[in-house]
Every structure is written in C-alpha cells, then in structure tokens.
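Thanks for coming, everyone. Let me put the structure up on the screen, and then I'll walk you through how it is put together.

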Amino acid sequence: MSAAATTTARNSRGIQTEGRTPEELRELVSHWGAELELAPAEVIIEWAAATFGERFCVTSSMGDAALAHLASTVVPGIDVVFLDTGYHFVETIGTRDAVSATMDVNLLTITPVQSVAEQDAAHGKDLYKTDPDLCCKLRKVQPLAEGLSGYDAWATGLRRAETHNRVIAPVIGWDAKKGKVKVSPLARWSDEQMERYIAENGVLVNPLVYDGYPSIGCAPCTRRVAPGEDPRSGRWAGTNKTECGIHS
C-alpha cells in the first residue's frame with residue numbers, strides 16, 4: 001500500500017520521519033478509513049507502520065498484551081506507550097514489566113506532571129472521589145496527550161464488542177482533540193476472537209482478569225464484576241462515569 005503524497009521528510013528506508021500537517025493526516029483518514037475497514041488487524045498495523053514510520057506507536061493499559069504482541073510481530077521494536085497514573089494495581093505494573101522483558105517492543109512509560117501526593121496537596125486528598133473527571137484529566141488525558149506529542153498516529157486496543165459507546169469506533173479515525181490519526185486494529189474483534197488469539201499465542205494477560213476484573217483501570221476506581229454483569233460495570237462503580245476521556 002502506498003500512503004498519500006506528502007512533502008515531509010523520509011529516512012533512507014522511505015519511512016516517515018517528520019510530522020504531517022493536520023490536513024494531510026485527515027486526508028489519510030478520509031481515504032484509508034473505508035479502505036481498511038474490513039482488513040485484518042495485521043494489515044492495519046502494517047499500513048500504519050509503513051505510513052507513519054517512527055511517528056506511529058501502540059498504547060496499552062496492560063489489561064492484556066494482545067495488541068502489543070500483534071504489533072511486535074508485524075513491527076519488531078515498535079514503541080508501546082504505557083500511562084502510569086500512580087494509582088495502578090501492582091498486577092498492572094507487573095504485566096507492563098513482563099511485556100517489556102518478553103516482547104520485541106520499546107516500552108515507554110509516561111507519567112502525570114504531578115505525583116499523587118502533589119495532586120493531593122493541590123486539589124485535596126483523593127481527587128478521584130471528589131472530582132473523578134478532573135482526576136482522569138490530570139492523570140490520564142493530559143499526560144497521554146503530551147506523551148503522544150511526537151507521534152502522528154497511535155494504535156489503541158479498542159474493540160466494538162466492549163461497550164455500547166464503542167460500537168461505532170472506526171478502524172482508522174481522526175482524533176480531533178489530539179490532532180492525530182487513531183488506529184484501532186482490533187475494533188472488529190469479538191470476545192471470542194480475542195480469547196482465541198490470547199490462547200493460541202500465549203499472550204500475557206493481567207492476572208486480575210482471572211480474578212473478577214474484566215476491565216481494569218486505576219485501583220481506587222475499579223471493583224470486581226459479578227458473573228453476568230457488564231464487563232465495564234466495575235469501572236467508576238456508583239457513578240454515571242463510563243469513560244476516562246481518552247477515547248471521547
């Protein structure tokens with residue numbers, strides 16, 4: 001596949017090295033979004049790597065390492081960005097460390113500007129209780145936006161089967177807030193496809209998944225989910241909040 005024409009520089013291998021303009025990026029989304037809608041996940045990642053080169057990365061919250069594993073088989077050494085909010089379960093940090101140690105990826109950990117203690121001092125203790133939206137903004141949304149500043153495109157593990165809010169998640173979309181191309185190679189995967197890929201490839205999975213946590217966020221805001229409950233009902237339980245803001 002060939003990317004749209006661009007005036008930005010490319011390295012000796014012909015891979016994108018400098019950022020495209022927002023107009024160029026939106027043009028890519030407009031053309032390739034429909035073209036790749038039914039493509040296999042591997043092909044989507046291959047396209048993104050060929051189109052954006054080192055300005056393409058994968059993000060992972062370390063609920064599982066399926067996307068990181070798949071990306072590493074297509075693009076060995078690919079950047080995998082992990083956001084450490086300061087509130088993660090130890091199992092999540094352990095999964096991150098295991099991914100870094102066992103996969104052919106360049107694991108990058110980004111953190112908020114303020115530590116948890118500094119945030120408590122500035123906004124009051126346990127901001128996740130008093131103003132969860134602000135807490136997510138300070139510890140997730142803003143740090144990720146800054147951490148992705150050197151990329152033109154980022155891949156997420158979003159799947160349409162996860163929640164009603166994600167049913168329309170495009171495979172190749174435009175993230176207007178970040179001014180970047182948002183790639184969701186696994187968007188069309190069913191729960192069964194995900195489970196099969198993990199089993200067949202021995203993919204690392206956060207141990208909490210097998211302990212009643214099908215959707216894992218920050219420890220203070222995540223509870224176990226009873227059999228038959230919505231998999232994401234353990235996130236921000238008791239509130240109307242369903243997303244942290246990264247994908248909205």
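Before we start, one definition: two strands count as paired here if DSSP finds at least two bridges between them. And please keep in mind that this is a predicted model.

With that in hand, look at strand S2, residues 78-83, and its neighbour S3: they pair in the parallel sense, over six bridges. Two of the partnerships within that pairing are easy to point out. Val81 has Leu108 of S3 as its bridge partner, and Leu83 has Ile110.

On its other pairing, S2 runs parallel to S1, and here two bridges join them. Thr59 is the residue that stands opposite Val81 of S2. To get from S1 to S2 the chain passes through helix H3, residues 66-74, in a right-handed β-α-β crossover. There is another right-handed β-α-β unit too, made of S2, helix H4 (residues 90-102) and S3.

Now let's zoom out to the whole sheet. It is an open one of six strands, ordered S3-S2-S1-S4-S6-S5, with mixed pairing. At the edges stand S3 (105-110) and S5 (172-175); each has a single partner strand, so one side of each is left without a neighbour in the sheet. From one strand to the next, the twist averages 30°.

So how many residues of S2 are buried? Six of the six, and S2 is therefore largely enclosed by the rest of the structure. Both of its faces are covered: Ile78, Val80 and Phe82 are buried on one side, and Asp79, Val81 and Leu83 are buried on the other.

Which helices lie across these strands? Helix H7, residues 132-147, lies across S1, S2, S3 and S4, and runs at about 155° to S2. Helix H2, residues 41-52, lies across S1 (56-59), S4 (153-155), S5 and S6 (180-183), and its angle to S1 is about 140°.

Last stop: a helix pair. H3, which we met in the crossover from S1 to S2, packs with helix H8 (residues 191-201) at an angle of about 60°, their axes 11 Å apart. That angle makes H3 oblique to H8. The crossing of the two is left-handed. From H3, the contact is made by Ala66, His69 and Leu70; from H8, by Met194, Tyr197, Ile198 and Asn201.

That's my tour. Happy to rotate the model for anyone who wants another look!

Note on methods
Residues are numbered from 1 along each chain as its sequence is written. This is a predicted model: local features need pLDDT of at least 70, side-chain atom pairs count only at pLDDT 80 or more; totals for chains, interfaces and linings use all residues. Side-chain values use heavy atoms; hydrogens and water are left out. Helices (H or I, at least four residues) and strands (E, at least two) are DSSP runs, numbered from the N terminus. Axes are lines fitted to C-alpha atoms, for helices over the stretch in contact, and angles run from 0 to 180 degrees between N-to-C directions. Contact means heavy atoms within 4.5 Å. Buried means under 20% relative accessible area, exposed over 50%, partly exposed in between (1.4 Å probe, protein chains only). A crossover is right-handed if, with the strands pointing away from the viewer, the path from the first strand over the helix to the second runs clockwise. Angles under 35 degrees count as roughly parallel, over 145 as roughly antiparallel, 65 to 115 as roughly perpendicular and the rest as oblique. A crossing is left-handed if the near helix is turned anticlockwise from the far one by less than a right angle, and right-handed if clockwise.
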